[in-house]
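Student: Hi! Could we go through this model together?
Tutor: Happy to, here it comes.

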2 protein chains.
Amino acid sequence: MSGGCTRTTPVASAQMLDGSQLFAEPSLNSFLALGRPAWHATREWLLDLVQNENERDAVEPHLIPLSAVTMQLPFEVADYVDFYSSLEHATNLGRMFRPDQEPLLPNWRWLPVAYHGRAGSVVVSGTDVVRPQGQRKAPDEDAPTFGPSRRLDFELELGFVVGTPTELGEPVPVEAFADHVFGVVLVNDWSARDIQAWEYVPLGPNLGKSFQTSVSAWVTPLTLLEDARVEAPAQDPAPLPHLAGGRDWGLDVALEVELNGEALSHGNARTLYWTLPQQLAHATSNGSAVRTGDLMASGTISGPDRGSEGSLIELTRNGTEPLVLPDGVTRAFLEDGDEVVLRANAGSLELGEVRGRVVASI
Amino acid sequence: MSGGCTRTTPVASAQMLDGSQLFAEPSLNSFLALGRPAWHATREWLLDLVQNENERDAVEPHLIPLSAVTMQLPFEVADYVDFYSSLEHATNLGRMFRPDQEPLLPNWRWLPVAYHGRAGSVVVSGTDVVRPQGQRKAPDEDAPTFGPSRRLDFELELGFVVGTPTELGEPVPVEAFADHVFGVVLVNDWSARDIQAWEYVPLGPNLGKSFQTSVSAWVTPLTLLEDARVEAPAQDPAPLPHLAGGRDWGLDVALEVELNGEALSHGNARTLYWTLPQQLAHATSNGSAVRTGDLMASGTISGPDRGSEGSLIELTRNGTEPLVLPDGVTRAFLEDGDEVVLRANAGSLELGEVRGRVVASI
């Protein structure tokens, strides 16, 4: 799946599905809605096609090099929920945003805290991010001003994509996670820290996040992650019964952030305190329905060690310790022209990349 | 438009639009996306049809009594944003949720605070609301428990519906409001106060709101609200330039809450501190695009006087002063079987109602 080999894309698959309109649609949503048996059958059929010598002549014309296609957003996002499930990230941010309090708020260890993000702002990897404008007020300023964000950041996250929907009033227990979720994407939850810090009380982040969220160009099916499943970190206190379980869904997925070609950070999704099944169980515990195309992201994934943080605000200690890049260039936050690439893999399995270049405010 | 007369519904209109598929679709979204000239032309055509004596025979068969139809959600919700634009409501809630602080947080008078709600949970008036379950922790409890909300509430809001979309990076100035917004709906943002109070720091409300949001069964076009426009309350401090203006969009819309047939509250949308055009200008000021079907609600509308509050938590002073209903029945929060009806009108123009009955947790 690496380097110069060919890869089947949803578009390429469509051409192989003779007689079906399913993969000719502009998104995967209709396929995702078919549910687990159909996902399995399609995978078996595709594997059979590409592995069968007798089919080679029929298949070859439909294998298109990744470099020759323009990737599109793989699914139409229904609702977008963003969690806050990394203990290390929540601790790091709590220290910076509320320096006079305990970094973890009292609810954090009892439930996977989350908010709804803007579904309409989710774009595919490769899309430029325009530096957002907004209101921000530095602590030493008397009043806010409006202008381009001075503290633009990335957030490295793992998101899951719902396939099989539910009805209102039908919670999804942790055990049913894989019946409803098709797979995962890598997510860059771009964040304007100055806008966020000023706006976020009491209703949470909004314009500091809503300008753009970038996701990888393909969804990696859960089936392919079976070998990456590990025991998640122990939880203390023990979760309440509706959130208990799902601890065998830690994911040994290596994460990397690159800025202008230089590696900034190396982490791993296995450090997440709240697992993906727990996130979904929580989100539906009040009876909320999920729809095909719902995207639920983990929140920034940061590890316990220096150099494993998933955002610049953590890597630079709120901008006070700028990173020194080659040629003596420093970075506290992102500058116009910077290119951020997030990557994730589980051994030889690439979960894709999320690439985006910062362009100046219009 | 009152009592036993007939009313045209989107469904009825569809049957009149000979040769067009536009109104045969299950939602208004395609029509909304056509933009202001098409909205205007359609209105002129419909008015001509129903007012023209010569068309009476052709039109009559398509006028269906409201009582004979089952109303559906009038539009497919893209993103749902919920503001917090009533000074009196924000003050009342600040006092209850943060009794040790100034009720209005420092950002409140500078920008219309908002969060994203769950678009997939928006339902049409008449849909029962199932009492949500969730985590809640009373101040005197050591640990949270999971179970049916003990403090279920309504919130009376006015929402606007976007018709003409924008591209990423295209803010909508206050002056362009009516070019993008088709009309308004009445909204009941059902709220589980105990779940909300426990979960909402630091990322805002989520499961305390996401179980259900009910809207009126029709969208009232902005055109019909021209006569209701009044000057909005003065703002202090003066808004920053990107939020300046839009003060002629105060709306003299009378609001009413009824619980089990008894009037609980009478308010008016003209008390809103941040107007609808200011809300849209803020939501897009960072470059966020809007899509056809975006719903942006005002937040609870409460007036300055006792009996004009738009939620039970305010009417009952956080449950400490239960309402006494006929026959000596009291209510601090909603009980199973209660029916809440919200109504709004601008003189003889009915903006519809939002009706919902509370049913027990499953």
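Student: How much area do chain A and chain B bury between them?
Tutor: In this predicted model, about 5000 Å², with 58% of it on carbon and sulfur atoms. Buried area here is the accessible area (1.4 Å probe) that two parts lose on being put together, summed over both.

Student: And how many residues does the contact take from each chain?
Tutor: The contact takes 55 residues from chain A and 55 residues from chain B, with contact meaning heavy atoms within 4.5 Å.

Student: How many salt bridges does the rule find across the interface?
Tutor: Two, where a salt bridge is a side-chain nitrogen of Lys or Arg within 4 Å of a carboxyl oxygen of Asp or Glu. Asp294(A) forms a salt bridge with Arg118(B), and their closest N and O atoms are 2.7 Å apart.

Student: What turn lays chain A on chain B?
Tutor: A turn of 180° with a shift of 0.0 Å along the axis, giving an RMSD of 0.0 Å. That is the relation of a two-fold axis. The superposition is by least squares on C-alpha atoms of residues with pLDDT of at least 70 in both copies.

Student: Which C-alpha of chain A is nearest the axis?
Tutor: That of Gly204(A), 2.0 Å from the axis.

Student: New topic: which residues of helix 3 of chain B are buried?
Tutor: Ala38(B), Trp39(B), Thr42(B) and Leu49(B), buried being under 20% relative accessible area (1.4 Å probe, protein chains only). Down the axis of helix 3 of chain B, these buried residues fall within an arc of 100°, so they line one face.

Student: Any numbering conventions?
Tutor: Residues are numbered from 1 along each chain as its sequence is written, and chains are lettered from A in the order in which they are written.

Note on methods: Predicted model: local features only at pLDDT ≥ 70, side-chain atom pairs only at ≥ 80, totals over all residues. Heavy atoms only, no water. Buried < 20%, exposed > 50% of the residue type's maximum accessible area, 1.4 Å probe, protein only. Helix = DSSP H or I, 4+ residues; strand = E, 2+ residues; numbered from the N terminus. Arc of directions from axis to C-beta.
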